[in-house]
Amino acid sequence: MLKIFGSFVLFLYNMVTRTERIRVLWNRFIEEATLIGVNSIFIVGIVSAFIGAVTCIQIAYNLTNPLIPKSTIGYMVREMTILELAPTITSIVLAGKVGSSIAGGLGTMRITEQISALEVMGINSTSYLVLPRILASMFMFPLLVILAMALSILGGYLAGTLSGVMAPQDYIEGIRTDFIPYNIVFALIKAVVFAFLVSGISAYKGYYTEGGALEVGAASTAAVTNSIIAILLADYVLAAVLL
């Protein structure tokens, strides 16, 4: 475990030393931001909207006490979405989509000796290939989390009002009750940390792939598995430290 952690730290150190020119990194950053962020909007939107809808319906199903106001449903949907569901579930979904893509791409480049060709030409392959992916992930994950928050709350509103479990004004009153702006900051901090973990672990697994096509698949699987475990551990640590 310590050997792997040390190798990961050296991997990150090599990435930030002898970097490429700013213009080259900027172009690579834009390419990766498009692949990571723009191409993930659809899946993030679908997942977040239905999670908000299901959360609203299930909370309404359990709140049978007539003494509890219906606006509590909107309040609980907002708190669960901002604090946990939007940043964590979105990052887990992106770990499967983005993480496997990063690991598979770098693993294929490794076994076809494209990375070795870059190093022969004097290019720092970790800086050229990995750094833009990590920076793009840390930039796009928070934006996708903000989108997930909005669509999840909207999905809860549509599910609650169209199914007839609550009036629209009750839901709106609930999502406006006792709002704490720091919760948004906390969720975005989680998104940045999760983005670093997903992109860093996936890039590490793909970069050091050895063998053939079978090993590339194994590296992608290991990258997704390790990224999800790291997300859950970081989720607990951040909640314990920042809340």
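Mentor: Accessible areas here come from the Shrake-Rupley method with a 1.4 Å probe. On that basis this predicted model has an accessible surface of about 12,400 Å², and 71% of that belongs to carbon and sulfur atoms.

Trainee: Okay, and what makes up the secondary structure of the protein?

Mentor: Nine helices and zero strands. Read from the N terminus, the elements go α-α-α-α-α-α-α-α-α. The C-alpha trace spans about 70 × 35 × 35 Å along its principal axes, and 44% of the 243 residues count as buried.

Trainee: Why is K190 called buried, and E84 partly exposed?

Mentor: Buried means under 20% relative accessible area. K190 has 1%, so K190 is buried. Partly exposed runs between that cut-off and 50%; E84 has 33%, so partly exposed is the right label for E84.

Trainee: What makes K190 and E84 a salt bridge?

Mentor: The rule asks for a side-chain nitrogen of Lys or Arg within 4 Å of a carboxyl oxygen of Asp or Glu. For K190 and E84 the N to O distance is 3.3 Å, and that satisfies the rule. K190 sits in helix α8 (residues 182-207) and E84 in helix α4, so the pair ties together parts 106 residues apart in sequence.

Trainee: How do you know that R133 and E32 form a salt bridge?

Mentor: Their closest N and O atoms are 3.9 Å apart, and the cut-off is within 4 Å, so the pair counts. R133 is in helix α6 and E32 in helix α2 (residues 22-36), 101 residues apart. Both R133 and E32 are buried.

Trainee: And what about R78 and E79?

Mentor: Their closest N and O atoms are 2.6 Å apart, which also meets the rule. Both R78 and E79 are buried. By this rule the count comes to six salt bridges, and shared partners join R28, E31, E32 and R133 into one network.

Trainee: Which residues of α4 and α6 make their contact?

Mentor: From α4 they include R78, T81, I82 and L94, and from α6 they include R133, F141, L144 and M149. By class, the contact has 15 nonpolar, five polar and two charged residues.

Trainee: How do helix α4 and helix α6 pack?

Mentor: Helix α4 (residues 71-111) and helix α6 (residues 125-162) pack at an angle of about 150°, with axes 9 Å apart. Angles run from 0 to 180 degrees between N-to-C directions. As for handedness, α4 passes α6 in a right-handed crossing.

Terms used: Residues numbered from 1 in each chain as written. Predicted model: local features only at pLDDT ≥ 70, side-chain atom pairs only at ≥ 80, totals over all residues. Heavy atoms only, no water. Helix = DSSP H or I, 4+ residues; strand = E, 2+ residues; numbered from the N terminus. Left-handed = near helix turned anticlockwise from the far one by under 90°. Contact = heavy atoms within 4.5 Å. Nonpolar A, V, L, I, M, F, W, Y, C, P; charged D, E, K, R; others polar. Buried < 20%, exposed > 50% of the residue type's maximum accessible area, 1.4 Å probe, protein only.
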